[in-house]
Amino acid sequence: MKILKNYKFSLILLGCMFIGSIVGAIMGEKAQIFSPIANLFLNLLFCCVVPLIFVSLVSAIANMESTKKLGKILGIMFSLFIFTGIIAAIYMLIVCVIFDPAKGTNIVMNEAVDASSSMNFLGMFTVEDFPLLWSRQNLMALIVFSIICGLATVSAGEKAKPVVKLFEGATEVVIKIVSYVMYLAPIGLGAFFATLIGEYGSEIAGPLSRAIIIFLIASVGYYFISSMLFAYIGGGKKGVSLFWKNIIPSTLTSLGTCSSAAAIPSNFIAAKKIGVPDDIANITIPMGANLHKDGAVLIQILKIVFMCSIFNINILEPGNLITAIMVSVVASCVMGAIPGGGYVGEIFIVSAFGFPEVAIPIMVLIGTITDAPATAINATGDVGAAMVVSRVVEGKDWINDGAQEAA
């Protein structure tokens, strides 16, 4: 009974997603009639993301004892993001070398695609006009602006105390709004899975089935292994217990919406229940949604090995291995934290390995079908990363102090 009580909402979400998948498999493309319901939930969730990031990030920085702590958090966080990305790339390379994802595949690539994504990666950190900050498509620019606002608030000292209080109160209000929106999650995610399975069921059972199955098994393995390691390194056995007790809603939200940004609100709630300090969670989680994407790294490696096999390129050559790791990590960082983050990853791969542009549609299709499990890894890894950062910054007892405070 205690397990049912603790995981009641998660089980409801899982049940609705399972029902949605069955409905999608039966109805096929006709399941698109559920798309408006799915979009209703996702739109409400996205409306919460921008204000939540802004007020929580400014509040976290404004309440820090010193900017040195901010620098320490950012340094540890970025190092962790890069390290785990490299590990994810190596892991997927091993899997794909052992089990060739393109074995037996016969694909004629005669389609074209408008690969017009911007290669101006520095542009992701700023926008040309203030109103553009409040779009979910410019989350990285919003984060940069929020950090600047937080630092300015700290520098203003006593005169800015009312502003600090305002942002603290605003953070609590937005989190409460998120909790209301999450009541719609079972219906919204069920509708999402119905449309997803209905639209892509044939591709999953077609010529890409081997690659998709290999990815699904590999991603499930990586999800559990990486989550356990994050939680254990961050908080020991208690950290593992608290992590799994609170991470399921975030997992299912990201799995159903294919969006790291959509999982930010539920990640904040999970981190708070685990006991992650607010200043660390409010920085690590939104920045992780943009920059920490181990799941996207797995997808990039799958695409690279798949296309190398198709075009008879030896991926095991040292130069190709190093290039694959670098391209996958960099491409995953600059991809948007929203569904279908553009063709940046595909352009990177084509440029690095010299594949013809007609290979892009196949890579886009692979990325689309594998997006859901990859996004779940991306999103839940941010909470795990926040736990590790807490361990380094606050010491080994943070898990006890934070959990008591959260309770």
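Which residues line the largest cavity? In this predicted model, the lining is made up of Phe-81, Ile-82, Gly-85, Leu-291, His-292, Lys-293, Asp-294, Val-297, Val-329, Ser-332 and Cys-333. Three elements each give two or more residues to this lining, namely α4 (67–98), α12 (294–310) and α13 (318–334). Sorted by class, the lining of the largest cavity holds six nonpolar, three polar and two charged residues. The volume of the largest cavity is about 50 Å³.

A word on how such spaces come to light may be welcome here. Empty space left among the atoms is revealed by rolling over them a probe the size of a water molecule. In this structure, two cavities of 30 Å³ or more are present.

The second largest cavity encloses about 40 Å³ of space. Its lining consists of Tyr-222, Tyr-223, Ser-226, Ser-227, Phe-230, His-292, Asp-294, Ile-377, Thr-380 and Gly-381. Here the elements that supply two or more residues are α8 (209–246) and α16 (371–394). Helix α8 provides the largest share of the lining, with five residues. In terms of class, four residues of the lining of the second largest cavity are nonpolar, five are polar and one is charged. A curious reader may like to look for His-292 and Asp-294 in the structure: these residues help to line the largest cavity, and they also appear in the lining of the second largest cavity.

Turning from empty space to packing, helix α9 (residues 248–257) and helix α10 (residues 264–274) meet at an angle of about 170°, and their axes lie 8 Å apart. Because angles over 145 degrees count as roughly antiparallel, α9 is roughly antiparallel to α10. On the α9 side, the contact is made by Pro-249, Ser-250 and Thr-253, while α10 contributes Ser-266, Asn-267 and Ala-270. The residues of this contact comprise two nonpolar and four polar ones, with no charged residues among them.

Aromatic rings complete the picture. Across the whole structure, a search finds twelve aromatic pairs. One of them joins Phe-54 and Trp-134, whose ring centres are 5.2 Å apart and whose planes stand at 85°, so this pair is edge-to-face. Where do the two partners, Phe-54 and Trp-134, lie? Phe-54 belongs to helix α3 (residues 35–62), whereas Trp-134 sits in the loop between α4 and α5 (139–156), so the pair ties together parts that are 80 residues apart in sequence.

Key:
Residues numbered from 1 in each chain as written. Predicted model: local features only at pLDDT ≥ 70, side-chain atom pairs only at ≥ 80, totals over all residues. Heavy atoms only, no water. 1 Å grid on protein atoms, 1.4 Å probe; cavity = no way out; pocket = protein on both sides within 12 Å on 5 of 7 lines; lining within 4 Å. Points joined across faces, edges and corners; volume = space filled by probe spheres on them. Helix = DSSP H or I, 4+ residues; strand = E, 2+ residues; numbered from the N terminus. Nonpolar A, V, L, I, M, F, W, Y, C, P; charged D, E, K, R; others polar. Axes fitted to C-alpha atoms, helices over the stretch in contact; angles between N-to-C directions. Parallel < 35°, antiparallel > 145°, perpendicular 65-115°, else oblique. Contact = heavy atoms within 4.5 Å. Phe/Tyr/Trp six-rings, centres within 6.5 Å; stacked < 30°, edge-to-face > 60°.
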